[in-house]
Amino acid sequence: MVSQDLLSSFDGMIWLQSGKKVGTLFQQHQTTISRNQKKCAQVFGIKLKKASSIWQPQGDSLLLQLERTVHQEARLQGKSSLRLDANRWLDSALFNPPPPGWLISSAKNTTSPHSLECLQQRIIDVYLCPITDLPIENQVLKNIEIKSKKIGVVVLQEHANQERILGLINTLKQA
């Protein structure tokens, strides 16, 4: 098992693709981010490398994925802040300040596939996108439309009725 700081540094690089953004979001110095992501990778016997200008883990990441599941469950239980990718709404009054218990940011790579991949890998907990860009709902993903704001909320099916996620959706609907 790794600490929240180690996994946040590692996963933050994958999600945000920028050490500066990771440092700002998780309130750590960039050298700490670099050191933490290397320690985390070492624990899991993998490496974090840039491929086609994108930070990606290299090697067998089964143990990493299991660890992410544990850390996400802890976030859902309120032991740390949940993560929201809100690329087009980052500067919106909806998130200034962020709702209590949430970290809000946006990937440097603002493509829908990247954010969805981060959601499916449990790096983030919720992804916001325009309603017109909602992915096809399936056994893994659940789409929730907030029509008054033209926002699509994408979560993992298993978390669609989780109290903290429902609280965020209600906050968005009432804003």
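Six helices and seven strands make up the chain in this predicted model. From the N terminus onward, these elements follow the pattern α-α-α-β-β-α-β-β-α-β-β-β-α. The radius of gyration of the chain is 15 Å, close to the 16 Å expected from the globule rule for 175 residues, so the chain is as compact as a globular protein of that length. Taken along the principal axes, the box filled by the C-alpha atoms is roughly 45 × 35 × 35 Å.

A helpful place to begin a closer look is the sheet. Five strands form this open sheet, with the order β4-β3-β5-β7-β6 and mixed pairing. The edges are taken by β4 (102–105) and β6 (141–146); each has a single partner strand, so one side of each is left without a neighbour in the sheet. On average, and with direction ignored, neighbouring strands of the sheet are turned by 25° against each other.

Within the sheet, strand β3 (residues 82–85) and strand β5 (residues 126–130) run parallel and are joined by two bridges. Here Asp85 is found opposite Tyr127 in β5. Strand β3 also takes part in packing with a helix: α2 (residues 19–26) lies across β3 and β4, and runs at about 155° to β4.

Turning to the chain as a whole, 49% of its 175 residues count as buried. The accessible surface comes to about 9000 Å², and carbon and sulfur atoms account for 50% of this area. Among contacts between residues at least 6 apart in sequence, 54% join residues at least 24 apart.

Definitions and conventions
Residues are numbered from 1 along each chain as its sequence is written. This is a predicted model: local features need pLDDT of at least 70, side-chain atom pairs count only at pLDDT 80 or more; totals for chains, interfaces and linings use all residues. Side-chain values use heavy atoms; hydrogens and water are left out. Two strands pair if DSSP finds at least two bridges between them. Helices (H or I, at least four residues) and strands (E, at least two) are DSSP runs, numbered from the N terminus. Axes are lines fitted to C-alpha atoms, for helices over the stretch in contact, and angles run from 0 to 180 degrees between N-to-C directions. Contact means heavy atoms within 4.5 Å. The radius of gyration is taken over C-alpha atoms; the globule rule is 2.2 Å times the number of residues to the power 0.38. Buried means under 20% relative accessible area, exposed over 50%, partly exposed in between (1.4 Å probe, protein chains only). Accessible areas come from the Shrake-Rupley method with a 1.4 Å probe; for residues, only the protein chains shown count as cover.
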